[in-house]
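Colleague: I am new to this one, and I would like to know what stands behind the words people use for it. Could we look at it together?

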Amino acid sequence: MVSTNNSTYSKRLLQLISWGHWFTFFNIIAAIAIAVSYLVVEGMPDGFVASVYMLTTWISHMAFLTFLGFVLLVFPLTLLFPRIRFIRGAASIIFTLVLTLLVIDSISYSQLGYHLNLDSSGKILSLLKEQFRDYQVPFYWIVGVSLLVILAFELIISNYAWKHLKQLQQKAFGRYFTLVWITSFFISHVTHIWADARLQYSVLKQDNMLPLSYPTTAKTLLTKYGLVNKEGYINTLNQPMSFSVKVPQYPKVDSQCQSPAAPTQSVFILLNDSPLTSKQSKRLLRRSVDGGQLVTNQVDASTTNDAWFNLLYSLPTVYQEGILKQQQAPVLFQALANQELNRSLAIIGDEVQTLPVWLSDLFAQTRYFADISPFVTAQKLNNLPTGLYVFYFAEPGDYQFSLFSDALLLAQEQKQNKDIIVVSSLGNKIKESRFISKPGVIIWPEQKKNSITELASHMDIQPTLMRRWLNCELPYDAYASGRDLFDLPIDRVLANTLSDGIVIFQKDKTVFVDQKGNFESYSSQLDTVLSDADDIPRLIEGVKFINQFSKRNELNNK
């Protein structure tokens, strides 16, 4: 009797294991078919070796991941609970979830450039909702139907493999596929080892193409997205990276911003040499007649000279050299010139470092003052012609800055048509201050928003003035990387290139990648180092932010 039971158990177990192999085989074919989307996104690489590597790693990696799912999830259940209906049902549910995750991951990679991960789950969910927004049925209903379709497929192949198990066991194509799989696995790994030793970029750029594949390096990724020169990839592997980008022709404003009525308000931009303190921000808001908006999460990682470019051109620093060579003024200054509005820059301080020539050339007037005595009367401030007035306090301490801001706000009390006032710091004197959040204040009479809590930067000021002050509807990405301060997305990513790396901001987290490709993560609010782990998804988002100006104008020129 015992022998009979053991024989029955062994026979059922062997049947289930054999069925599991064939069931997994059909799922491998499905996974390989779904993974075609990764190859389409990547595009065929240059060269025969890179093409062979792509094809072999596609087959072997997806087959390995699917078979690994069987070994880790289905096979242990088979040994523990060798019940036919239970194992077939559980395996169908398991692989339904596996293939569904693979489909979602392929959508994430095609749209965002990176795979599923915990940090990006919210952004991926938003992306999927966006994909189905135009459909007449709810997003979650579509997801439910998709799950049922995949589950139906799993039940069909489960039933087919069980009913035709003996016939399948007699077929030879299973052995042929195993041979192809093992051969592809061997070829792909040997090719990658060779490419890693010879620095073959066409092969290495495919790292991270498939889920859970080789982790890519920061330098390879930045080269892939065009921020590091491809020709210098090998020569500079052990040297600091030099960032570059294809700089398009900067736009020229002609009739796009012709408003029927010229603005009657002036704009005063007050820039301090050091970050505003909480006491200063509260004082400005308290002294303002119409209230104001505190920009709570403003970031600025540049040096002072680079920060001027970020502020006035609303673009990352990597565009600076190429844009300035074109000798084209920012669109805001072009629009001001077209409307014959004043443009004035005042530098206040005893010991002021020489500012870039291009900066002075933008303004109709550039003047240097040891103190603010020429401006402290309401009559002088209120009699200025309509235009843009920038005051930069280039000295330590806040005495002159506080005195002038008080005088300006006092003068506004006497005006019926109140002006727009933007107050912020500019640049960083020390590296330690680059990654902390620097608050700003905007006093805009028509705006009733209490505060701006979304991630913001100097690159947002020009687009805000263009849209809300000059009533110019020119698309933001046609001339800037920033956007309207009063209409910022919640889950926003900002990025900039520095002399020693690239910095990416998102919510409270800041990621810095130095010129050797090393990662460091900081808390923008706490000013502390969080980790040094690679954060490829956030780096990809940062690169996309930097590239959006060149990509938009590249498409427009085609």
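Colleague: Why is serine 437 called buried?

Modeller: Happy to explain! Buried means under 20% relative accessible area, exposed over 50%, and partly exposed in between (1.4 Å probe, protein chains only). Serine 437 has a relative accessible area of 15%, so it counts as buried. Do keep in mind that this is a predicted model, where local features need pLDDT of at least 70, side-chain atom pairs count only at pLDDT 80 or more, and totals for chains, interfaces and linings use all residues. Residues are numbered from 1 along each chain as its sequence is written, and side-chain values use heavy atoms, leaving out hydrogens and water.

Colleague: What does the side chain of serine 437 make a polar contact with?

Modeller: The partner is the side chain of asparagine 297, at 3.3 Å. A polar contact is a pair of N or O atoms within 3.5 Å; within protein, one must be able to donate a hydrogen and the other to accept it, and residues adjacent in sequence count only if both atoms are side-chain atoms. At 3.3 Å, the pair with asparagine 297 fits that limit. The serine 437 side chain also reaches the backbone oxygen of glutamine 298, at 3.5 Å.

Colleague: And is valine 71 buried, exposed or partly exposed?

Modeller: Its relative accessibility is 33%, so valine 71 counts as partly exposed. Valine 71 also belongs to a nonpolar surface patch of about 470 Å², together with Phe64, Leu68, Leu72, Leu73 and Phe185.

Key
Patch = residues over 30% accessible without salt bridge, like charges linked within 9 Å, V, L, I, M, F, W, Y side chains within 5 Å. Areas by Shrake-Rupley, 256 points an atom, 1.4 Å probe, with all protein chains shown as cover. Salt bridge = Lys/Arg side-chain N within 4 Å of Asp/Glu carboxyl O.
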